[in-house]
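Okay, thanks everyone, let's get going. I'll take the whole chain to begin with and then walk through a couple of the strands. Here it is on the screen.

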Amino acid sequence: MPAAHLSNRPAIADAAPSVDMRSDTVTHPTERMYERMRQAPIGDDGLDGDPSTVALEGTVAALLGKEAGLFVPSCTMANLLAVLAAGGRSEQVVLEASAHMYTTERGASTFTGMFYQPVEGTSGAMDLAMLEAVLKPASHRLATALIAVETSHNNAGGAVLPLEHLQAVQDIAQRRGIPVHLDGARLFNASAALQVEPIAIACFADTVSVCLSKGLSAPVGAVLTGSQATLDRARTLRRMLGGTQRQSGIMAAAGLDAVLHMRERLVDDHARARRFSDALNATGLPVRAALPQTNIVQVDVAASGLGSHAWVTALDAAGLRVRPWGSTLLRCVTHRHIEEAEVDRAVTAFRQAALALV
């Protein structure tokens, strides 16, 4: 076709990028984080230490009221190290039945030789009577090496465990001499929702993991905190797992900035999650958004007569990316890249998807 003819064609505007609500893990580092990474003092964390990593570990440990911290590539590794440091083979880890450590991470038992014992719960909180029953000594039961809790709770739609529940679990554990681990991947979201300092939650556990690469927007990493003796063991175990990162201060510098400067803005994510939920429920569409406590909104599409995967496909075509979270459940997560305009676009995408589907 002649070039002159081509030039008469109307220009096609670039489509707006999709609104990405699949997870808060899609967040990008801030410009300040990039600058801190560029200027970070670094060393070899596997030899004589990395100063930026040491600063991150100490800051997070102090923030959570623990003696020591350990920077690791992911919160999954942090949780695994907590399990390995607490127990031995042929023991059990007790945790709520829909906890991330059980539903997604229990493949770790192939490394630990430990059994993961689930306890039914409500909104992520274990039934305390069932917990007591599981812990009672019996000839047919494994010894319990660790009790694990999670807040905010991923599979419970970002639910936040009440402090009274955490206190009750700690009391039960202490009477039996069992340590408690807190999977705090989104601990800072829980802290923001409860309007308490992170230490007010972390005090109910012996070890606590926190993720830096979700709502805090660091590019990668997590920190495990606890007693010095436990973290010394965890550091040795980290090396065995291949988790020692040499000039890790480049990434730790971004994590330190995230911890120091990004926690306060998490309330914005929570407010936008609530606004999204309210707006979606006001559309009259055959979907129902749960009332979020933090930044995760679960959307039930059962009333539409269609499954979650059909909705994911239709929403993607309408410019919204979400994740299926069961056969008739979607998960939508707000984060710092989701502002008011993106909330409006997300609701519009549901309307467009409904027209295509229902």
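Before anything else, keep in mind that this is a predicted model.

So, the overall picture. Buried residues make up 52% of the 358 residues in the protein chain. For secondary structure, we've got 15 helices and 15 strands. And how compact is the chain? The radius of gyration comes out at 22 Å, close to the 21 Å that the globule rule gives for 358 residues, so the chain is as compact as a globular protein of that length. If you lay the C-alpha trace along its principal axes, it spans about 80 × 50 × 40 Å.

Now the contacts. Take the ones with a separation of 6 or more: 72% of those are between residues 24 or more positions apart.

On to the surface. The chain exposes about 15,700 Å², and 54% of that is supplied by carbon and sulfur atoms. As for charges, there are 31 positive and 35 negative, and the mean positions of the two sets are 3 Å apart.

Okay, let's zoom in on strand β9, residues 207-211. Is this strand buried or exposed? Five of its five residues are buried, so β9 is largely enclosed by the rest of the structure. You can see that on both faces: T207, S209 and C211 are buried on one side, and V208 and V210 are buried on the other.

So who are the neighbours? A quick reminder for anyone who hasn't looked at a sheet in a while: strands pair through backbone hydrogen bonds, either parallel or antiparallel. β9 takes part in both kinds of pairing. With β8, residues 180-184, the pairing is parallel, over four bridges, and there H181 stands opposite T207 of β9. With β10, residues 222-226, the pairing is antiparallel, again over four bridges. In that pair, look for V210 of β9, which stands opposite V223 in β10.

Last stop, further along the chain. Here four strands make an open sheet, and the order is β11-β12-β15-β14, with antiparallel pairing. Which strands sit at the edges? Those are β11, at 288-289, and β14, at 323-324, and each of them pairs on one side only. β11 is joined by two bridges to β12, residues 296-300, and the two run antiparallel. If you want a spot to click on, R288 stands opposite D300 in β12.

That's my tour, so over to you for questions.

Technical notes
Residues numbered from 1 in each chain as written. Predicted model: local features only at pLDDT ≥ 70, side-chain atom pairs only at ≥ 80, totals over all residues. Heavy atoms only, no water. Rg over C-alpha atoms; globule rule 2.2 N^0.38 Å. Buried < 20%, exposed > 50% of the residue type's maximum accessible area, 1.4 Å probe, protein only. Contact = heavy atoms within 4.5 Å. Areas by Shrake-Rupley, 256 points an atom, 1.4 Å probe, with all protein chains shown as cover. Lys, Arg positive; Asp, Glu negative; His and termini not counted. Charge placed at Lys NZ, Arg CZ, Asp CG, Glu CD. Pairing = 2+ DSSP bridges.
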